[in-house]
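Visitor: Could you walk me through how to read an interface?
Guide: Gladly; let's open the model and take the contacts one by one.

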Amino acid sequence: MAQADLNEHRSMLSNSVTNFARGVDLARVRKLRDTNAECDRAVWTQMAELGWLGVLAPEACGGMGLKLGDMAIVAQGLARALVPEPLTAAAVLAARVLADSNNDTLKSKLLEGLVSGEMLPAVAWQEEAGSLDVNNINVQATPAGDGFRVNGSKRFIMGATSAEGFIVSAKSAHGMQLLWIPRDTAGATVQFDRLADNRQAATLTLANVSVPKTHIINSGDIAAGSLARAIDHASAIIGAELCGIMSRSLEITLEYLKTRVQFGKAIGSFQALQHRAVDLYIQQELSSAVLGDCLAVLDGEPDAKTRSAAASRIKARCADAALLITRQSIQMHGAIGYTEDCDVGLYVKRAMTLAAWLGNGHTHRRRYAKTEILEGAL
Amino acid sequence: MNAAATAAKVDYNAMDDEAFRREARAFFENEYPENLRFLPRRLSWVESKPWWLSLSKKGWLAPNWPVEHGGMGLEPGKLIIYWEETERAGIGRMPDQGVTMVGPTLIRFGNEAQRAQYLPKILSGDNVWCQGYSEPNAGSDLASLRTEAVLDGDHYVINGSKIWTSMAHHATNIYVLVRTDKAVKQQRGISFLLVDMKTPGITFRTIRNIAGHEEFCQVFFDNVCTHKDNLVGKLNEGWTIAKGLLTFERLNIGSPRRPLQAFEQLDTLARAQKLFDDPGFVDRYTQLKMDLNDLGSLYQRYVDKARRSEALGPDISMLKVFAMDTYQKLAELLLEAGAEYGAYADEVMLADEKIDLMTPFYTSRPGTIYGGSNEIQRNILSKYVLQLPN
């Protein structure tokens, strides 16, 4: 796409997100939260119709075949409105893994379904907290029939509450297997744990689950490479969500500083609060600069090392900045900030969930140190 | 042929960026004195002069001035390349107030006679300028300055004193902000005057800075006369002039390259002392490295803006705040990581490498104070960007 077309396209995308987010009030978010639901399938379908679930998916599968820079606009806009539907889990993480599949029949069923909103696949790859290594897994796939028998369990699966099935990574004699396991498969059980923002992290336990050959998404080094890239891309888009969270939280807080009166004047006239607000603003601007810079790197499809470094830069900065800003938003609101009714609480909780998912700031800095600092230094 | 005429021959802005970069790099690498590279302090005038003159001869002394005044007339994109290559080559900071401040001020606010009188002497190195802004009782609150100038016939008579005047002891001229109207709001009664340092009534004392260097002075004015033609701009409009030039300078101050030099010391130390085996050190090192990279992304955003010739707003203050905070943290980590050596005043030899632990600490300290302290920058951001109430 030419630059002018791209700019026009991005501004259309941004407008559609803004319009949508304006219609989504936080009452719906609160209501969903109270029922422990995180995905209203009617809203999900609407999001699909607006094209957002297919931003990254190739045109052959009904998607738009656009870039992470485009996806970030959608993710950031929806995060500002605290939309709880699992956009990044499905439209980035799952969509990326599926797009790389050579199993055309399965790919078209799952990816086209994902793009149209009818099929919600959740990626189940992680087993150990604080790990970003796709090969750090114990789920085993042993040959059985024309496919595999799979045993083990997966944790920290996002976007699973209304998912139709799981994309599971497993070790086999021939390297990694990425397998499609429908939710109702015999031997597969799902258990949910509530997260800070009332979304759910799933644990999938697989006991002698049969997976036919037709459900193999990808195998070997290609599977591992595809998964690692999908995780980096999802981490980057989570960074965009965190940017949306921090910017809205800071906006609400600045408005409060300008209107809340104590000691006969707006509290925003006090230098102690002004300087703190400025430091939060600087963190917000740093986050957005890093996001923009590194998304451009990622969209250039660099080698794996450069890609992971860029993703880690985004996630580390955005996670820490969002946590700082949302926590300080509570502080600057005073007692009202500590109440259930105050919206800043919703933002701090979403920030916590997003910061922790797919590696928090510390995990990403540790990974960055390993490849970008220590390997060169020694 | 004078410098201005040489420079006018080449339209650098029409050059390809990379070609310009290559030319700048080659020139700075070949011509700049080896022994003055990457010095952790400013250069004295005596040290600077040969380089000043070679720049002048090539027509490269004033990259930011228009060609008709003897500058290179660089557009922002090329100017940034010039700066980048200066930093890359480790070129020291000269007593450059004439080039960075006086020239642009006269070009923008001065009159033809003033430009004709002063600009060529800056290029030739005959005039070395210093800046008289701060006073003993007007630092962060610069607008409260009290050095006053009263018109008496054809001359302004100046009384008062200026402080933290960098390199005043090597300067031939000083530009001062003076109070010319006490009856109006502080900012409105300030004027911008040019003064010859040899004028009777001017005395100065050098001030030794915390690192032990005589870098700045206090300058005293006792009935000092300067001709009324040395008023720049209109009477009582000095504040606007002083403010108008700072924004673009803040871009340079926010460059991530200066802290990068301190990183080289830290790398050397870490290798010599096997600090990369210490996870606690690695955590802090990584945090700062990523802070610096992120500063690079933020800096690049402003560079791109300047390249598109967009105005740089007051939000650019954030660059200075974050750059200088990061620089100081880095210098502090260098001292802590040095353990006992972190208290050594001079260079130490570790694993056959010379490491200077202390200098980055001293060099990084004034960055959060000069040119509007970080607290003042935060006030600016609060007022003009976040629009928080007074």
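**Reading two interfaces**

Guide: This is a predicted model. Between chain B and chain A, 16 residue pairs are in polar contact, both residues of each pair being at pLDDT 80 or more.

Visitor: Which elements of chain B give two or more residues to the side that touches chain A?
Guide: They are helix H10 (279-307), helix H11 (317-337) and helix H13 (374-385) of chain B. H10(B) gives the most, with 14 residues. By class, this side of chain B has 14 nonpolar, 8 polar and 9 charged residues.

Visitor: How many salt bridges are there between chain B and chain A?
Guide: The count is 5. In one salt bridge, Arg317(A) pairs with Asp294(B), and their closest N and O atoms are 2.7 Å apart.

Visitor: And how do I read the size of an interface?
Guide: It is often given as the accessible area lost when the parts come together. Here chain B and chain A bury about 2900 Å² between them, with 65% of it on carbon and sulfur atoms. Met290(B), Asp294(B) and Leu386(B) supply 21% of the area that chain B buries against chain A, more than any other three residues.

Visitor: Can I read contacts inside one chain this way too?
Guide: Let's try domain 1 (3-94) and domain 3 (246-385) of chain B, as given by the domain assignment. About 1100 Å² is buried between domain 1 and domain 3 of chain B, and carbon and sulfur atoms give 59% of that. In domain 1 of chain B, Ile80(B), Trp83(B) and Glu87(B) lose the most area to domain 3 of chain B, together 46% of what that side buries. Across this interface the rule finds 0 salt bridges and 1 residue pair in polar contact.

Note on methods: Residues numbered from 1 in each chain as written. Chains lettered and ligands numbered in written order. Predicted model: local features only at pLDDT ≥ 70, side-chain atom pairs only at ≥ 80, totals over all residues. Heavy atoms only, no water. Domains from an automatic or database assignment. Buried area = accessible area lost by both parts, 1.4 Å probe. Salt bridge = Lys/Arg side-chain N within 4 Å of Asp/Glu carboxyl O. Polar contact = N/O pair within 3.5 Å; in protein donor to acceptor, adjacent residues only side chain to side chain. Helix = DSSP H or I, 4+ residues; strand = E, 2+ residues; numbered from the N terminus. Nonpolar A, V, L, I, M, F, W, Y, C, P; charged D, E, K, R; others polar.
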